[in-house]
Amino acid sequence: MLVSVVVAVYNAGPYLEKCISSLQNQTYKDLEIICVNDGSVDESLSMLERFAQADRRIHIFSKENEGRGAAPARNMGVDHSNGVYVMVLDSDDFFEPDMVEVMVEKAESANADMVFCTARHYDHVNQCSGSVFKRPELQYAPPKEYFSWRDCPDYIFQIADFVAWNKLFKREFLKQNHLRFEGIPISDDQYPSVMGSVLAKRIAIVHKPLVNYRVNTGKSQVDSQSEHPEAAYAAVYSVVNRMREMGVYEKVKRSYCNIAILLMRQYFDRMKRIEDVRFLYDKFRNDVFPFLGADRLNLNDFYDHRVGEWYEMIMGHPLDDILFRSARAYGSSMTTASLRFKAPLESIKKGSNIAVVGKGIVGRFWYAELILSDLCGEIFWVSSQEDIPNGVRIDQILNAE
């Protein structure tokens with residue numbers, strides 16, 4: 001039974017050998033490996049051509065890069081697929097030798113429309129495997145061979161998650177339900193993953209990490225989130241609108257809002273430019289959260305209270321107050337927002353009296369971080385140097401204006 005594995009490739013040279021060889025060496029041999037070269041300017045295409053010469057199962061398609069993320073390449077690969085099942089995988093990951101075999105066996109035994117597995121982190125810098133992903137959250141899964149969203153409406157997306165790279169789909173299921181990857185820079189796989197989860201009559205799980213998800217590359221989608229603030233919410237509209245058309249959304253809203261707002265918070269935390277932070281703050285408050293109907297959720301509806309508290313902060317507090325609170329919380333397990341403006345701690349001598357000049361956003365961060373650092377004798381936070389109290393010894397002035 002033919003299985004199509006689609007891999008979109010864009011400047012993946014450092015990772016491609018391990019990715020493709022892990023597919024070639026699968027214990028399940030009846031594969032077509034469809035590699036879509038998405039306008040790579042490194043050695044990726046020549047590497048693919050070398051692989052294809054040695055393995056007739058590898059088919060190469062090339063296209064110009066459209067600047068819309070991996071979606072166009074992924075859709076092209078799926079369109080050229082011939083398998084009974086399709087997997088859409090990432091070119092910087094690699095896979096356990098029995099991944100396809102185990103997932104096909106599960107799909108066949110359960111007659112499932114969609115099967116997914118867990119994954120393990122692989123640290124690119126240290127070249128070692130790490131912990132199993134916290135999501136999907138399989139503790140919420142019904143103890144059955146297969147299930148649908150109706151068995152677990154409050155947790156379906158915690159179980160299935162928003163990603164495609166750990167899933168096997170029936171190709172006909174994707175085709176009949178028009179499940180396409182969206183042309184957005186990041187989270188392009190949310191649409192087929194989310195809609196697949198509510199359209200599938202049978203979903204099955206392999207309780208085993210079969211994907212080695214490469215992290216710490218500096219080039220992954222997570223690493224580029226700060227460059228695409230709009231990706232924090234872009235997928236929400238098409239997904240929720242279709243679920244509303246189906247009459248499903250209100251039944252799964254709690255599950256969807258929990259994971260969608262969690263992801264929005266992660267984006268918010270990773271922004272590096274204050275204008276992007278302010279953009280997301282306004283967009284969430286005035287558009288995205290009302291569109292989701294999140295105003296009808298209370299703190300008890302959030303599975304992680306920290307996400308609920310962040311949501312309530314966004315809706316109930318000025319941005320400047322939120323950023324200052326986040327600075328004071330820096331270093332906790334899940335801060336309100338990351339410390340975007342770091343004080344020059346390395347230049348401060350222990351026990352110095354410091355004046356932070358500038359009562360804007362940067363000043364707030366620096367003042368809070370200095371308090372937490374325990375480096376200073378006394379700290380004064382003032383609007384201008386003229387506001388430093390008379391007769392006070394100041395060892396160093398930090399200009400945060």
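This is a short talk on the empty spaces in one predicted model and the helix that lines one of them.

Okay, ground rules. It's a predicted model, so local features need pLDDT of at least 70 and side-chain atom pairs count only at pLDDT 80 or more, while totals for chains, interfaces and linings use all residues. Residues are numbered from 1 along each chain as its sequence is written, and side-chain values use heavy atoms, with hydrogens and water left out.

Confidence, then: pLDDT is the predictor's confidence in each residue, from 0 to 100. The protein chain averages 89, with 91% of the residues at 70 or above. The weak spot is residues 328-339, where pLDDT is below 50, though the model still gives that stretch 32 contacts beyond near neighbours in sequence; a contact means heavy atoms within 4.5 Å. Where pLDDT is low, don't read the predicted coordinates in detail.

Overall, we've got 13 helices and 12 strands, which are DSSP runs numbered from the N terminus (helices H or I, at least four residues; strands E, at least two). Of the 401 residues, 55% are buried, meaning under 20% relative accessible area with a 1.4 Å probe, protein chains only.

Now, the cavity. On a 1 Å grid over the protein atoms alone, a cavity is a set of points where a 1.4 Å probe fits but cannot get out; a pocket is an open set with protein on both sides within 12 Å along at least five of seven lines; lining residues have an atom within 4 Å of a point. There's one cavity of 30 Å³ or more, and the largest holds about 60 Å³, volume being the space filled by probe spheres set on the points, which are joined across faces, edges and corners. Its lining includes F162, S187, Q190 and Y267, and by class has nine nonpolar, two polar and no charged residues.

Which helix gives the largest share of that lining? That's α9, residues 249-270, with four residues. Because 17 of its 22 residues are buried, α9 is largely enclosed by the rest of the structure. And α9 bends by about 40 degrees at S255, the bend being the angle between axes fitted to the seven residues ending there and the seven starting there.

Last stop, the second largest pocket, at about 210 Å³. Elements giving two or more lining residues are α3 (71-79) and α6 (171-176), and α6 has the largest share, three. D79, R171 and K175 are among the lining residues, which split into three nonpolar, one polar and four charged.

Note on methods:
Ala, Val, Leu, Ile, Met, Phe, Trp, Tyr, Cys and Pro count as nonpolar, Asp, Glu, Lys and Arg as charged, and the others, Gly among them, as polar. Buried means under 20% relative accessible area, exposed over 50%, partly exposed in between (1.4 Å probe, protein chains only).
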